[in-house]
Amino acid sequence: MNPTILEMRKITKTFPGVMALSDVTFSVRQGEIHGLVGENGAGKSTLMKVLSGVYPHGSYSGDIVLDGAVQEFRGIADSEKVGIAIIYQELALVPDLSVYENILLGNEIKRGITIDWNATIKKATEMLKKVRLDLNPATKIRELSVGKRQLIEIAKALSRDVKLLILDEPTAALNEDDCENLLEIIKGLRDSGVTCVLISHKLKEVIKIADTVTVLRDGKTICTLDAHKGEVAEGVIIKHMVGREIDNIYPRRTSAVSDEIVLEAKNWQAYSPNEGRNILKGIDFKLRKGEIVGFAGLMGSGRTELAKSIFGNPDGYAITGELFVNGKKRRFANPKEAIAAGIAYATEDRKGNGLILIQDVKQNITLANISSLAQRGVVDKNAEIKVANEYKTALSIKTPSIAQLVVNLSGGNQQKVSVAKWLFVKPDILILDEPTRGIDVGAKYEIYTIMNRLVEQGMSIIMISSELPEVLGMSDRVYVIASGKMVGELPVAEATQEKIMSLATNY
Amino acid sequence: MKGTDIRKLMRQNIRDYAMYIALVFIMGIFAVMTQGVFISSRNISNLLNQTGYIAVLAVGMTLVIVIRHFDMSVGFLSGFLGAIAAIAMVGWGFPSWLAILLVLVLGIIAGLITAFPIARLGIPAFVATLAGWLIYRGALLLVTLRTGTIIIPDKFFDAIGNGYIPDILPTDALIPGMHKLTLLLGLIAAVWFIARAVIDRRNKKAYDFEVLSMDLFVVKMVFMTVVIGAITWVLAGYNGLSWTVVILIVIVLVYDFIMNQTVLGRRIYAVGGNPEAAELSGISVKKITFLVFGSMGLLTGVCGVLFASRLQSATTTGGTLFELDAIASAYIGGVSAAGGVGKVTGAIIGALVYMTLMNGMNLLGTDISLQYIIRGAVLAAAVIFDVTTSKAKRY
């Protein structure tokens with residue numbers, strides 16, 4: 001057995017109000033491929049940020065031991081110096097520079113004060129060979145596919161004599177061939193002595209190439225499995241990943257779902273010109289009146305993109321397929337049309353594109369339907385205050401006054417403001433994207449109660465959520481989305497965390 | 001209690017108050033240094049007329065900056081539009097009202113053309129409006145090529161920038177030497193201001209919103225009355241209200257109303273505060289961008305008319321650097337480059353601060369080199385003050 005190259009001992013990292021990592025132990029042996037798996041929010045990214053120095057020494061407790069020496073990284077530069085390289089999902093290449101310039105970026109080969117371009121090109125060509133890329137090093141990154149860019153990133157890391165290469169979801173944006181190729185290359189790197197940590201949601205890949213697998217859940221190390229002892233199997237991993245107790249109690253609702261279909265998509269596809277790929281690959285689903293449908297899946301599976309593509313397509317995807325609202329075929333050119341048709345979409349990123357933080361509670365609540373409070377374009381401010389106060393009471397938004405700026409509210413109350421804003425447009429269909437992300441248990445319960453009240457009144461809700469207990473606790477039906485495809489539909493009675501996770505990771 | 005009240009008030013409104021305090025402070029310094037010449041009726045009247053055409057641009061610029069853009073092209077556009085007005089009257093024999101109407105319409109069209117590459121094609125406002133800067137500069141030179149400076153002999157037109165409102169009782173029997181209509185308007189303004197403040201306070205109280213304590217409220221009312229009274233008195237001592245000031249007041253009232261009371265105003269602030277959230281709330285960011293640049297064009301037309309009227313002519317260099325004066329005024333007036341924050345009234349005060357500096361230093365005979373340096377320093381100070389206080393504001 002190879003010696004241990006990296007050991008992270010008792011790492012604890014807290015953010016205000018949240019313990020992101022608690023006593024995590026993670027050890028990697030020389031020359032292995034080590035899979036790191038866990039649900040969204042299990043702590044994988046935080047752990048890797050601690051390792052790479054993004055969270056500097058002192059901001060966490062515990063020790064990082066590399067090659068037997070305790071490391072105290074103050075920044076990414078320090079971890080790079082000792083041979084740790086991380087390749088993130090969002091690639092960090094400069095699109096308008098050439099391949100060779102990118103590979104040696106920040107690590108330029110100099111002769112005096114000038115760059116030695118000949119040596120640079122020679123070195124870049126060698127690195128390209130290591131990742132089995134046969135292309136002209138003068139090619140601009142912009143002209144390359146995502147799969148090739150991924151390999152350039154690896155070549156870049158190799159040019160720095162990397163000892164420990166960490167790949168964060170390297171295959172998430174790749175097609176099948178590119179995935180295969182990448183996995184082969186990772187194996188090749190291992191055989192040439194580079195230790196790799198592979199973070200992936202795709203369990204099949206992990207099982208295929210990993211020598212060891214560590215499972216994280218809720219900021220804790222659950223177990224480390226050894227492939228060579230036959231411990232690594234999909235069922236085992238999933239069991240450890242989702243083993244979370246269902247600690248929230250979900251309020252019951254009594255209403256029955258009607259048979260009336262209010263929203264239906266058929267073979268719904270979307271191509272993103274910005275990313276240059278198909279993000280939705282033929283999705284079918286139905287939503288009935290008075291129903292809560294859960295959209296489960298992992299981050300990046302296309303759920304938010306699906307919601308946005310329906311809701312007036314603000315990101316400008318090229319869409320094909322059919323959408324029916326109350327039985328009528330529709331296609332919305334912008335969010336305004338979707339709102340007019342009775343659809344509301346509360347975004348996943350409250351602060352980013354949901355609320356206007358520098359405005360007050362009342363202005364945020366009335367924003368999407370301010371016209372209804374105006375006569376000849378002049379806002380009736382008294383009516384506005386009345387409306388805002390009604391929603392403040394109805395959703396028990398905790399704020400000293402509706403004149404308070406939203407930026408000063410807690411996450412849970414911001415979420416309620418966001419929900420209030422969309423309730424005020426009086427929609428028939430409400431899409432809630434991660435409605436309880438980052439809010440405390442009490443506020444969650446209140447949001448669930450509000451959702452129940454709404455469907456009892458005949459509203460239909462699509463709930464996009466990465467929290468499986470919540471999906472199971474709140475939904476009437478569950479759809480599982482993976483890699484832009486609808487991979488499963490389960491009535492809630494038949495759905496379990498294991499089943500959903502197995503569908504979501506099996507693509 | 002009182003002390004904490006005042007402190008809280010200061011903290012929450014520090015930016016607005018600081019601007020007024022700075023204005024009074026600067027005016028005080030000039031008054032002392034010029035032995036009172038600065039605050040003479042004649043000079044104040046003159047200062048307001050000078051401020052007029054920049055203030056009009058600053059109002060439009062504030063809206064543009066609120067939606068996270070800005071507009072370099074307005075300076076030479078206003079010069080160009082002023083020249084068009086002159087040519088229309090002198091060369092084509094247009095009556096003055098038609099020439100003004102033409103220029104305002106052309107201004108709106110120019111604004112919409114500027115908006116096109118920005119809103120539709122996503123081209124940065126700096127580049128798009130810099131192109132406009134060059135184009136309108138060329139256009140101005142082109143239309144004044146043969147004639148050079150065009151003298152405008154139209155009485156009505158020239159009165160806009162130089163004339164004053166007529167008096168109701170042009171007699172010295174009552175309050176001799178004062179402009180009576182101006183005094184009356186000042187009185188109406190003060191009463192209207194107080195009435196509105198009282199109604200507003202009562203409404204807020206009815207909704208349990210925080211209001212000023214009664215003592216502080218009275219102090220504020222007295223202060224505002226004194227300010228309005230003083231300005232009225234000073235102006236009435238010369239020729240009374242000028243048409244420029246009347247136009248400016250109308251523009252401020254209309255724009256302040258739009259920004260604070262209407263759906264359109266809400267949408268403009270929403271687009272500035274978070275364009276993505278606004279779009280997802282059913283607001284067309286493109287439409288708002290076109291509207292705001294269209295309004296900027298309209299106000300540029302107004303500015304062109306005011307300036308040409310003031311000079312009673314159109315020159316080959318009309319409007320030079322107006323865009324930068326307007327941008328500086330808007331920033332001194334508290335508009336935030338991050339978007340979504342900025343008041344029309346702030347733009348006016350900003351323009352006043354800026355023009356006061358120019359006027360005062362001219363009176364003192366300060367060298368132009370030093371004038372630029374001081375104006376730059378004031379602009380930098382205002383923005384630095386903004387950034388540091390807006391951090392502290394997150395109470």
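**Domains of chain A and the meeting with chain B**

The C-alpha centres of domain 1 and domain 2 of chain A are 35 Å apart in this predicted model. Domain 1 of chain A covers residues 4–242, while domain 2 of chain A is assembled from two stretches, 290–317 and 328–505. Where these domains touch, 10 residues of domain 1 of chain A are in contact with 10 residues of domain 2 of chain A. On the domain 1 side, helix α8 of chain A (residues 234–242) gives the most, with 5 residues. That side of domain 1 of chain A has 5 nonpolar, 2 polar and 3 charged residues.

Attention can now turn to the partner chain. Chain B has 395 residues, with 15 helices and 2 strands among its elements. The C-alpha trace of chain B spans about 70 × 65 × 40 Å along its principal axes. Its radius of gyration is 22 Å, which agrees with the value near 21 Å for a compact globule of 395 residues. Of the residues of chain B, 43% count as buried. Among contacts in chain B between residues at least 6 apart in sequence, 79% bring together residues at least 24 apart.

Finally, there is the interface between the chains. Here 22 residues of chain B are in contact with 29 residues of chain A. Two helices of chain B, α10 (263–273) and α11 (275–280), are the elements giving two or more residues to the chain B side. The largest share, 6 residues, comes from α10 of chain B. By class, the side of chain B that touches chain A has 9 nonpolar, 9 polar and 4 charged residues.

How values were computed: Residues numbered from 1 in each chain as written. Chains lettered and ligands numbered in written order. Predicted model: local features only at pLDDT ≥ 70, side-chain atom pairs only at ≥ 80, totals over all residues. Contact = placed C-beta atoms within 7 Å. Helix = DSSP H or I, 4+ residues; strand = E, 2+ residues; numbered from the N terminus. Nonpolar A, V, L, I, M, F, W, Y, C, P; charged D, E, K, R; others polar. Rg over C-alpha atoms; globule rule 2.2 N^0.38 Å. Buried ≥ 20, exposed ≤ 12 C-beta atoms within 10 Å, placed from the backbone. Domains from an automatic or database assignment.
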